[in-house]
Amino acid sequence: MPTTSTRKARRHRERAEAPLRAVVQWACRARGAPSAARLRAFARAAARGATEVTLRIVGAAAGRRLNRDYRGRDYATNVLAFGYGRRVRRVAAPLRGDVVICHPVVTHEAHAQRKSIEAHYAHLVVHAMLHLRGYDHQGAREAQRMERAE
């Protein structure tokens, strides 16, 4: 039976070997946001296997429009994840998707939660990547599973 350190080493090796193609797009002035390299590192931390993702940083108007158009909710939200193709856990197909992060909402939430903007970005990028991998938090059991993965 593998030990905890063996499992951790295997996960680390899988992450290091798996190609990540992450494009970062800046659609607004995002003062205080982590660098593109840091955002890619956050995505890499949650990626499993081959991954192609676009991380797009937007302002409040774009965040609100996307949330309204795709989720039917007329307010800017912190992060949205759009997966492409059918993704089934434990299948070797590349993970593809877009992650949209609303910078004004993230900065407001970070200040309200008394944590750094970078720490909040890290959490939201990982959260969105987990959604792309098929995780959800609609039910209590799913939410617990997703929180453990985060």
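**Exercise 1. The buried face of helix H4**

Task: Determine which elements the buried residues of H4 pack against, and list those buried residues.

Solution: The buried residues of H4 pack against E2, strand E4 (95-102) and H5, where a contact means heavy atoms within 4.5 Å. The model is a predicted one, in which local features need pLDDT of at least 70 and side-chain atom pairs count only at pLDDT 80 or more, while totals for chains, interfaces and linings use all residues. Residues are numbered from 1 along each chain as its sequence is written, and side-chain values use heavy atoms, with hydrogens and water left out. Helices (H or I, at least four residues) and strands (E, at least two) are DSSP runs numbered from the N terminus. The next step is to name the residues: His103, Val105, Val106, Thr107, Glu109 and Ala110 are the buried ones in H4, with buried standing for under 20% relative accessible area, exposed for over 50% and partly exposed for what lies in between (1.4 Å probe, protein chains only). Thr107 may serve as an example, for this residue of helix H4 has 15% relative accessibility and therefore counts as buried. Its C-alpha atom lies 8.3 Å from that of Gly32, although Thr107 and Gly32 are 75 residues apart in sequence.

**Exercise 2. How H4 meets H5**

Task: Describe the packing of H4 on H5 by angle and axis separation, by handedness and by the residues that meet.

Solution: Begin with the axes, which are lines fitted to C-alpha atoms, for helices over the stretch in contact, with angles running from 0 to 180 degrees between N-to-C directions. On this basis helix H4 (residues 103-112) and helix H5 (residues 117-132) pack at about 115 degrees, and their axes are 9 Å apart. The crossing of H4 and H5 is right-handed, a term for the case in which the near helix is turned clockwise from the far one by less than a right angle, anticlockwise being left-handed. From H4, the residues His103, Val106, Thr107, Glu109, Ala110 and His111 meet Ile117, His120, Tyr121 and Leu124 of H5. Sorted by class, this contact of H4 with H5 holds 5 nonpolar, 4 polar and 1 charged residues, where Ala, Val, Leu, Ile, Met, Phe, Trp, Tyr, Cys and Pro count as nonpolar, Asp, Glu, Lys and Arg as charged, and the others, Gly among them, as polar.

**Exercise 3. The backbone after H4**

Task: State what sign of phi Arg114 has, where Arg114 is placed, and whether Arg114 is buried or exposed.

Solution: Arg114 sits in the loop between H4 and H5. Just after H4, Arg114 adopts a positive phi of about 55 degrees, and it is not a glycine. As background, most residues other than glycine have a negative phi. With a relative accessible area of 80%, Arg114 is exposed.

**Exercise 4. H2 on H5**

Task: Classify the orientation of H2 and H5, and work out which side of H2 is buried.

Solution: The axes of helix H2 (residues 36-46) and H5 come within 8 Å and cross at roughly 40 degrees. H2 and H5 are therefore oblique to each other, as angles under 35 degrees count as roughly parallel, over 145 as roughly antiparallel, 65 to 115 as roughly perpendicular and the rest as oblique. The handedness of this crossing is right-handed. In the contact, Arg38, Leu39, Phe42, Ala43 and Ala46 of H2 meet Glu118, Tyr121, Ala122, Val125, Val126 and Met129 of H5. The classes of these residues are 9 nonpolar, no polar and 2 charged.

Turning to burial, Leu39, Phe42, Ala43 and Ala46 are the buried residues named for H2. They span an arc of only 95 degrees around the axis, so they lie on the same side of H2, the arc being that of the directions from the helix axis to the C-beta atoms. The buried residues of H2 pack against strand E1 (20-26), strand E2 (51-58) and H5.

**Exercise 5. Glu118 in its surroundings**

Task: Find which residues Glu118 contacts, leaving aside neighbours within four places in sequence.

Solution: Glu118 belongs to helix H5 and, at 31% relative accessibility, counts as partly exposed. Its contacts beyond those neighbours are Pro34, Arg38 and Phe42. Glu118 and Ser35 are 83 residues apart in sequence, yet their C-alpha atoms are 9.3 Å apart in space.
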